[in-house]
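Subject: Structure for your review

Hello,

Here is the structure we spoke about, followed by notes on what was found in it. Please look through the model alongside the text.

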Amino acid sequence: MKKILIWSVAVLALTACNENKFHIEGNISNAKDSVLYFENIGLAGPEKLDSVKLDDDGSFSFSGQQPEAPEFYRLRIKDQIISLSIDSTETVTVKAQWPQMASQYEVSGSADCQTIKELALKQMDLQQRAINVSRNEALTIDQVNDSILSMVRQYKDEVKRQYIFPTPSKPSAYFALFQTLGNMLLFNPQSDRDDIKVFAAVATSWDNNWPTAERGKNLHNIAIEGMKNVRISDADRARTIDASKVKEAGLIDIALQDNKGQTRHLEDLKGKVVLLDFHVFATNESPARILLLRELYNKFHDQGFEIYQVSLDPDEHFWKQQTAALPWISVRETNANSTTLTIYNVQAVPEFFLIDRGNNIVGRSQTIKDVEQAIRNLL
């Protein structure tokens, strides 16, 4: 009886172990004696996990522990690469032929791996078209550069509309962010305002879905750094408004229901440094702004900083979905012509006001060039 019990426990343990693994299997034809590498594409670069010398039928089978967040892998023979993503315990099947392994393969068992294949083929096509243009002796250097830049713009626009913005939480959206043309990232997260918004949209999804994932933290930092770069370059072009519209005065209370149905008073936050933020989530700029606010909140909340965010979104259900994972106070103004907007002279959104510990308004977006430094000074 004891032996049976021990055997049963062992079987259960083995079953549980297998249930937490993913599998990548298939075959690469015409590749006998080639070494197929299974690699993890980490933040520090490719890392070899396993390899196999292929036999006549080219069959292979690799497995790994289920990742806590979407992870990226690749199958490689020499310079031929098949990119894959894993986010659960799925079994992904790959069938390809050498030597066109990177472009002529079939993948099943994962919709995201299929989407990544589409993106990879599109990237190869872009690369080839750029090469063809660069070799066209009838074109001047300026014409070559203009033609390639035009192709890149069209490519990025298509990828944003079809693969990133509709589903920013998908691994394929993350994969698309880091596609290259030669050694150049197609999406520039350092100084291109529109590209930074794309990074921010994906980073916000990772913040909400996998808040502890290293990839998400890295993506978050990339987007924040890009936004800071743009903000610095815009500093000399900061807007100015009539001084009579900016007053250092005691605030007027706002009392609205938050996303949990509780009435929240702005004046109850006396003793804290408060960012009063007017926001619309149903805008293209929203993900980038939420990312920046989250950065400020994470950095200063423990020191007595709070955000009181007033949404002007007309769709209550949509607003609740967007704010469910936000750590600060989220309320919603249901009347676009409310006295709240009139009192605070909110003529366009996004808009914010900075409030000191004594419930005094000390500035607004147009008068504060460096909000992070302003908050630090008040704390």
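I begin with helix α2. At 1.5 Å a residue, the 24 residues of α2 should span 34 Å, and the end C-alpha atoms of the helix are 35 Å apart, which agrees. Please keep in mind that this is a predicted model.

The buried residues of α2 include Asp-112, Cys-113, Thr-115, Ile-116, Lys-117, Leu-119 and Ala-120, and further along Gln-123, Leu-126, Ala-130 and Val-133. An α-helix has 3.6 residues a turn, so residues three or four places apart point the same way. Two positions in the helix can serve as examples. Ala-130, in α2, has a relative accessibility of 9% and therefore counts as buried. The C-alpha atoms of Ala-130 and Val-152 are 9.0 Å apart, with the two positions 22 residues apart in sequence numbering. Met-124 also has its place in helix α2, but at 33% relative accessibility Met-124 counts as partly exposed. Between the C-alpha atoms of Met-124 and Ser-103 the separation is 8.3 Å, and the two residues are 21 apart along the chain.

Salt bridges

How many salt bridges does the structure hold? The number is 18. Three of them are described here.

Glu-71 and Arg-215 form a salt bridge in which the closest N and O atoms are 2.4 Å apart. Glu-71 lies in strand β5 (residues 71-77) and Arg-215 in helix α6 (residues 214-234), so this pair ties together parts that are 144 residues apart in sequence. Are the two partners buried or exposed? Glu-71 is buried, at a relative accessible area of 18%, and Arg-215 counts as buried at 8%.

A salt bridge also joins the side chains of Lys-122 and Glu-158, at 2.9 Å from N to O. Here the linked parts of the chain are helix α2 (residues 111-134), which holds Lys-122, and helix α3 (residues 141-164), which holds Glu-158; the two residues are 36 apart. Both ends are partly exposed: Lys-122 has a relative accessible area of 26%, and Glu-158 has a relative accessibility of 23%.

The side chains of Lys-228 and Glu-372 meet in a salt bridge with an N to O distance of 3.9 Å. Lys-228 is in helix α6 and Glu-372 in helix α10 (residues 371-378), so distant parts of the chain, 144 residues apart, are linked by the pair. Lys-228 and Glu-372 also belong to one network with Lys-299 and Arg-376, joined by salt bridges that share partners. Glu-372 is buried, with a relative accessible area of 13%.

The second largest pocket

The second largest pocket has about 810 Å³ of space. It is lined by 26 residues, of which Ser-83, Gln-123, Phe-175, Phe-178 and Gln-179 are the closest to its centre. Two or more lining residues come from each of β2 (35-42), β3 (45-53), β5, β6 (80-86), α2, α4 (171-177) and α6. Which element gives the largest share of the lining? That is β6, with 5 residues. Sorted by class, the lining has 15 nonpolar, 9 polar and 2 charged residues. One of the residues closest to the centre, Gln-123, is also among the buried residues of α2.

Strands

Strand β1 (residues 21-29) has alternating side chains. Phe-22, Ile-24, Gly-26 and Ile-28 point to one face and are buried, whereas Lys-21, His-23, Glu-25, Asn-27 and Ser-29 point to the other face and are not buried. β1 pairs with strand β4 (residues 59-65) in the antiparallel sense over 7 bridges, and His-23 is opposite Ser-63 in β4. With strand β7 (residues 91-97), β1 runs parallel, and 7 bridges join the two. In this pairing Gly-26 stands opposite Val-94 of β7.

Strand β17 (residues 351-355) pairs with strand β18 (residues 360-364) in the antiparallel sense, over 3 bridges. The bridge partner of Phe-353 in β18 is Arg-364. There are 4 residues between the strands of this hairpin, and Asn-359 takes a positive phi near 65°.

Regards

How values were computed: Residues numbered from 1 in each chain as written. Predicted model: local features only at pLDDT ≥ 70, side-chain atom pairs only at ≥ 80, totals over all residues. Heavy atoms only, no water. Salt bridge = Lys/Arg side-chain N within 4 Å of Asp/Glu carboxyl O. Buried < 20%, exposed > 50% of the residue type's maximum accessible area, 1.4 Å probe, protein only. Expected span 1.5 Å × (residues − 1). 1 Å grid on protein atoms, 1.4 Å probe; cavity = no way out; pocket = protein on both sides within 12 Å on 5 of 7 lines; lining within 4 Å. Points joined across faces, edges and corners; volume = space filled by probe spheres on them. Nonpolar A, V, L, I, M, F, W, Y, C, P; charged D, E, K, R; others polar. Pairing = 2+ DSSP bridges.
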